[in-house]
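User: Please take a close look at the places where a charged side chain sits over an aromatic ring, and then follow the rings and the empty spaces from there. I am in my first year, so a careful and connected account would help me.

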Amino acid sequence: MIRFSKYMWLYALISGLVLVPGIYSLIRFGLKQSIDFTGGTLLEVSFDKPVAESMLSQAVKTSNNTYLFRMKPGESEEVASSATILRSETVGPVLGRELLVKAVIAAFLAILCIFAYVAYAFKDIKFGASAIIALIHDLLVVLGVFSLLGALLGVEVDTLFVTAFLTTMSFSVHDTIVVFDRIREYRRRNEKTPFHEIADRALTETMGRSLTNSFTIVFMLLALILMGGESTKWFVVALLTGTISGTYSSPFVATPILLFWDRWEKSHAR
């Protein structure tokens with residue numbers, strides 16, 4: 001049995017090193033929103049012959065004489081007549097704001113439902129609260145990473161990012177529930193065993209399964225990043241970030257919080 005509970009200070013340090021830069025970037029720069037939220041026109045254009053990139057101030061990606069444009073409303077008419085439009089998407093500013101509001105509401109409702117379900121399933125509110133704190137940790141990691149990417153590389157968040165954001169929530173809680181279920185099972189068998197020993201045993205037995213499952217997903221996502229198209233690249237990066245963070249937070253954020261809470265309850269019960 002591995003004594004994971006001995007290194008809780010290390011887990012807190014790692015989380016802090018990851019979260020602090022991202023939170024600072026969120027406060028300072030926020031997220032770079034795409035036209036899905038701000039409104040505008042996106043054009044994917046193919047030219048008859050190569051065009052100098054210096055002449056295409058809005059181009060973000062070039063491949064085989066093909067350029068991806070993001071424009072404000074009214075600018076799409078300025079595309080040269082020699083170009084062939086492969087894709088055109090227009091979103092009004094009102095619809096963009098509506099999408100953003102719905103995304104925030106969906107995330108908030110999902111967090112409430114997950115908290116209620118976990119707390120009810122384990123008949124203990126501290127299980128639900130610990131799972132939600134770990135989930136918020138993962139969401140902040142994803143938001144922070146994309147805030148930094150937006151500030152440094154100009155990466156924008158769109159509706160696909162929202163999909164990845166909500167998927168991260170489900171993945172994070174999935175692994176946490178597996179660990180918590182094993183803790184509950186061992187606690188029922190022997191209530192006299194110290195809680196930290198139960199947690200260490202549960203983590204030791206579930207770690208292999210969790211890593212195997214996560215690495216399978218990570219390898220698939222890496223293949224999509226390397227071989228997939230430009231339109232889904234950052235969506236996959238968001239999923240990859242959420243997968244890695246979710247794999248880490250279940251044993252090293254949710255479980256330590258549960259241990260701290262249990263110790264606090266016992267110290268105040270004396």
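Analyst: In this predicted model, arginine 201 lies over the face of tyrosine 186, and the distance to the ring centre is 4.2 Å. Another charge is placed over a ring where the charged end of lysine 123 sits over tyrosine 120, 4.4 Å from the centre of that ring.

From a charge over a ring we can turn to rings that pair with one another. A pair of aromatic rings is described by the distance of the centres and the angle of the planes. The structure holds nine aromatic pairs. One of them joins phenylalanine 4 and phenylalanine 252, with 6.0 Å from centre to centre and 45° between the planes, and this pair is classed as tilted. Phenylalanine 4 belongs to the segment before H1 while phenylalanine 252 belongs to helix H7, so the pair ties together parts that are 248 residues apart in sequence. Both phenylalanine 4 and phenylalanine 252 are buried. Phenylalanine 122 and phenylalanine 127 form a pair with ring centres 5.2 Å apart and planes at 5°, and because planes under 30 degrees apart count as stacked, this pair is a stacked one. Phenylalanine 122 has a relative accessibility of 9% and therefore counts as buried, and phenylalanine 127, at 4%, counts as buried as well. Ring pairs also link Phe4, Tyr11, Tyr248 and Phe252 into a cluster.

Tyr248 of that cluster leads on to histidine 137, because Tyr248 is among the residues that histidine 137 contacts when its neighbours within four places in sequence are left aside, the others being Ser15, Leu19, Ser245, Ser249 and Val253. Histidine 137 is found in helix H4, which covers residues 125-153. Its relative accessible area is 8%, and since buried means under 20%, histidine 137 is buried. Leucine 19, one of the contacts of histidine 137, is 118 residues away along the chain, yet the C-alpha atoms of histidine 137 and leucine 19 are separated by 7.9 Å.

Threonine 241 can be examined in the same manner. It is located in helix H7, and with a relative accessible area of 14% threonine 241 also falls under the 20% limit and is therefore buried. Apart from its neighbours within four places in sequence, threonine 241 is in contact with Val141, Val142 and Val145.

The next matter is the space that is left empty inside. Rolling a probe the size of a water molecule over the atoms shows where empty space is left. The structure holds two cavities of 30 Å³ or more, and the largest has a volume of about 80 Å³. Its lining is made up of Asp175, Val178, Val179, Leu203, Thr206, Met207, Arg209, Ser210, Thr247, Ser250 and Pro251. Helix H5 (159-189), helix H6 (195-227) and helix H7 (233-269) each supply at least two residues of this lining, and the largest share, five residues, comes from H6. Sorted by class, the lining of the largest cavity has five nonpolar, four polar and two charged residues.

The second largest cavity holds about 30 Å³ of space. Phe4 and Tyr11, which belong to the ring cluster, reappear in the lining of this second cavity, together with Ser5, Met8, Asp200, Leu203, Pro251, Thr255, Pro256 and Leu259. Leu203 and Pro251 are found in the lining of the largest cavity and also in that of the second largest. Helix H1 (8-28), H6 and H7 each supply at least two residues of the lining of the second largest cavity, and here the largest share, four residues, comes from H7. Seven residues of this lining are nonpolar, two are polar and one is charged.

It remains to set these parts within the whole chain. The chain has seven helices and four strands, and from the N terminus on its elements run α-α-β-β-β-β-α-α-α-α-α. Of the 270 residues in the chain, 41% are buried. Among the contacts in the chain with a separation of 6 or more, 77% are accounted for by residues 24 or more positions apart, and the pair of phenylalanine 4 and phenylalanine 252 ties together parts that are 248 residues apart in sequence.

How values were computed: Residues are numbered from 1 along each chain as its sequence is written. This is a predicted model: local features need pLDDT of at least 70, side-chain atom pairs count only at pLDDT 80 or more; totals for chains, interfaces and linings use all residues. Side-chain values use heavy atoms; hydrogens and water are left out. On a 1 Å grid over the protein atoms alone, a cavity is a set of points where a 1.4 Å probe fits but cannot get out, and a pocket is an open set with protein on both sides within 12 Å along at least five of seven lines; lining residues have an atom within 4 Å of a point. Grid points are joined across faces, edges and corners, and a volume is the space filled by probe spheres set on the points. Ala, Val, Leu, Ile, Met, Phe, Trp, Tyr, Cys and Pro count as nonpolar, Asp, Glu, Lys and Arg as charged, and the others, Gly among them, as polar. Buried means under 20% relative accessible area, exposed over 50%, partly exposed in between (1.4 Å probe, protein chains only). Contact means heavy atoms within 4.5 Å. Rings of Phe, Tyr and Trp (its six-membered ring) pair if their centres lie within 6.5 Å; planes under 30 degrees apart count as stacked, over 60 as edge-to-face and the rest as tilted. A charge sits over a ring if NZ of Lys or CZ of Arg is within 6 Å of the ring centre and within 35 degrees of the ring normal.
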